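These are my notebook entries on one structure. I set out to look up its core, its charged pairs and its cysteines.

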Amino acid sequence: LGVIDYISGYKLNYLLQRFIFSSGLKELMQVMSSYGTYRLFNALGHPLVNVEYYLIYFFMNWAGSKYLNLNVNMLKVVFVYIIGIFLCGSKMALFLSIIIIFIYSARSRNKYLSLTILCFTIAISISFVNTNTFKVNIGNRLVSAIQSGDITNGRIGAIKTVFNVSDDRPNLLVGKGYGYSTLVTEKVKTNNFEFPPLMMAYDYGIITTVTIYLLCFIFPIIQLFKEKQIMLLGAIIILIVYFNSFNGLVYGDSFARLVFTIKILCDISKQKNSKGVIKNGK
């Protein structure tokens, strides 16, 4: 659907907007489609949210193929994944995806499959780099970020502005409620922090935020490290890094989606350790 939408110049997106009843979502879709270039936006949400689904899609299939002995066509999975990531137009997602594909290819026992995936990825990358979509979505934004001295596209700048202009700081024990971090940036007229740990610290307090990160992210990493499950450990680290690269983790269902995915990957590890590789997915 993303490819059709891209080729047709948002025609599919315009049709979809007729069935969207959320005024906020519809308005955001209209804004995204007015930029003169393409980024994959649909009923699932913003392009950065769509990247979440693509990452989960890839890692779930990889884990199913490697640990559950499921019959997964990984070439097809990589094809869908790479095309989707390019259409979403995220710098962070593109950087992480290059790492993911090269690691997967290096660790695959099927050298023919590895070579095919690498050649396909390189060919798609070369083709995409020469499109206007890449130049606007990634190229120009990357150049602007480097020239401004803030590679995070204003995230670090927003933090500096708030800490220089405002005396408002996160409380140690109790925060000031959901969405308060947004009010903090609005008061000084700067863009959103888009840094989930800091946003949660403002909303829920520093101790609560540290507890959330320990329980949901750090402990699973420690568990997989002890079990020497390197592939699953790398997958979870990449997911955590990406989900923390913008403010989606604080709003909506991104947090639940990430925790649920981590739980599944950790459960796969536990079953493998107790029974060996699971046969036929049972």
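**Entry 1: the core.** Which residues have the most contacts inside the largest nonpolar core? I note at the outset that I am working with a predicted model. The search returned F58, F59, Y81 and Y242 as the residues with the most contacts inside that core, which has 65 residues.

I then took Y81 and looked up its neighbours, leaving aside residues up to four places away in sequence. I found that Y81 touches Y54, L55, Y57 and F58, and also S97, I100 and I101. F58 thus appears twice in my notes, once among the residues with the most contacts inside the core and once as a contact of Y81.

**Entry 2: salt bridges.** How many salt bridges does a search of the whole structure find? I recorded 4. I examined three of the pairs, beginning with those of R257.

R257 pairs with E52, and I noted 2.3 Å between the closest N and O atoms. Helix α14 (residues 254-275) holds R257 and helix α4 (residues 47-67) holds E52, so this salt bridge ties together parts that are 205 residues apart in sequence. I checked whether the two partners are buried or exposed. Both R257 and E52 are buried.

R257 has a salt bridge with D253 as well, where the closest N and O atoms are 2.6 Å apart. Here I compared the accessibility of the partners. R257 has a relative accessible area of 10%, so I entered this residue as buried, the limit being under 20%. D253, at 46% relative accessibility, I entered as partly exposed.

I turned next to D267 and K263, which form a salt bridge with their closest N and O atoms 2.6 Å apart. Both residues belong to helix α14 and stand 4 residues apart, about one turn of the helix. D267 is partly exposed at a relative accessible area of 23%, and K263 is also partly exposed, at 46%. For the network, I looked for salt bridges that share partners, and these join E52, D253 and R257 into one network.

**Entry 3: cysteines.** How many disulfides does the count come to? I obtained 0. I nevertheless looked up the accessibility of two cysteines. C88 is buried, with 0% relative accessibility. C266 is buried too, with a value of 6%.

Definitions and conventions. Residues are numbered from 1 along each chain as its sequence is written. This is a predicted model: local features need pLDDT of at least 70, side-chain atom pairs count only at pLDDT 80 or more; totals for chains, interfaces and linings use all residues. Side-chain values use heavy atoms; hydrogens and water are left out. A salt bridge is a side-chain nitrogen of Lys or Arg within 4 Å of a carboxyl oxygen of Asp or Glu. Helices (H or I, at least four residues) and strands (E, at least two) are DSSP runs, numbered from the N terminus. Buried means under 20% relative accessible area, exposed over 50%, partly exposed in between (1.4 Å probe, protein chains only). A nonpolar core is a set of buried Ala, Val, Leu, Ile, Met, Phe, Trp, Tyr and Cys residues joined through side-chain atoms within 4.5 Å. Contact means heavy atoms within 4.5 Å. A disulfide is a pair of cysteine sulfur atoms within 2.5 Å.
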